[in-house]
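Me: Got a model I'd like to talk through. Can you take a look with me?
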Amino acid sequence: KPWVVKLMQYKPPSSSFESFFPGRNYVLAIGDGANDLNMLRVADASVGIRSGETEDIVRQSALSHNQWSPLTTLMLVDGPSMATMLSLLVKLVFLKHWMTAMALSSDLIYKGYPLSPF
């Protein structure tokens with residue numbers, strides 16, 4: 001999870017000015033378990049949900065809460081746009097794999113190899 005946060009923080013330069021003064025994206029991490037500790041340390045802002053699992057979450061996060069209900073509004077506002085981006089990403093990855101398969105199969109046809117195993 002920490003590497004995902006680092007990946008989300010990276011912002012490629014879009015101009016020559018930004019290549020000298022790079023910017024970055026800011027990331028909010030929300031976690032409730034021991035597996036989220038490193039992610040909460042790396043993120044710019046973090047919210048720890050207190051659970052029976054560990055109290056380290058509360059100490060590592062910038063904000064803490066006892067339950068998930070206050071974060072429901074945040075998830076409902078930001079969730080649809082993130083789902084749209086994720087579905088577009090899945091479509092683009094499928095298209096990339098399909099184009100690679102078509103290029104490889106056309107190369108096999110050009111070289112005279114049969115595509116069927118029989």
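Reply: Sure. One cut-off up front: a residue is buried under 20% relative accessible area, exposed over 50%, and partly exposed in between. Also, this is a predicted model.

Me: OK. Where does Met 102 fall, buried, exposed or partly exposed?
Reply: Partly exposed. Its relative accessibility is 40%, which lies between the two cut-offs, so Met 102 gets that label.

Me: Which helix is Met 102 in?
Reply: Helix α5, which covers residues 72-111.

Me: What nonpolar surface patch does Met 102 help make?
Reply: One of about 750 Å². Its other members are Leu 88, Leu 92, Phe 94, Leu 95, Trp 98 and Met 99.

Me: Switching to the inside. Which residues form the largest nonpolar core?
Reply: There are 6: Val 5, Val 27, Ala 29, Met 39, Leu 40 and Ala 43.

Me: What does Val 27 touch, leaving out residues up to four places away in sequence?
Reply: Val 5 and Ala 43, both core members. Val 27 also touches Met 8, Gln 9, Asp 44 and Ala 45.

Me: And how much of the protein is buried?
Reply: 19% of its 118 residues.

Me: What about the surface, how big is the accessible area?
Reply: About 9200 Å², with 67% of that belonging to carbon and sulfur atoms.

Me: Now the fold. How many helices and strands?
Reply: 5 helices and 3 strands. Along the sequence the pattern reads α-α-β-α-β-α-β-α.

Me: Of the contacts between residues at least 6 apart, how many join residues at least 24 apart?
Reply: 21% of them.

How values were computed: Residues numbered from 1 in each chain as written. Predicted model: local features only at pLDDT ≥ 70, side-chain atom pairs only at ≥ 80, totals over all residues. Heavy atoms only, no water. Core = buried A, V, L, I, M, F, W, Y, C linked by side-chain atoms within 4.5 Å. Buried < 20%, exposed > 50% of the residue type's maximum accessible area, 1.4 Å probe, protein only. Contact = heavy atoms within 4.5 Å. Helix = DSSP H or I, 4+ residues; strand = E, 2+ residues; numbered from the N terminus. Areas by Shrake-Rupley, 256 points an atom, 1.4 Å probe, with all protein chains shown as cover. Patch = residues over 30% accessible without salt bridge, like charges linked within 9 Å, V, L, I, M, F, W, Y side chains within 5 Å. Salt bridge = Lys/Arg side-chain N within 4 Å of Asp/Glu carboxyl O.
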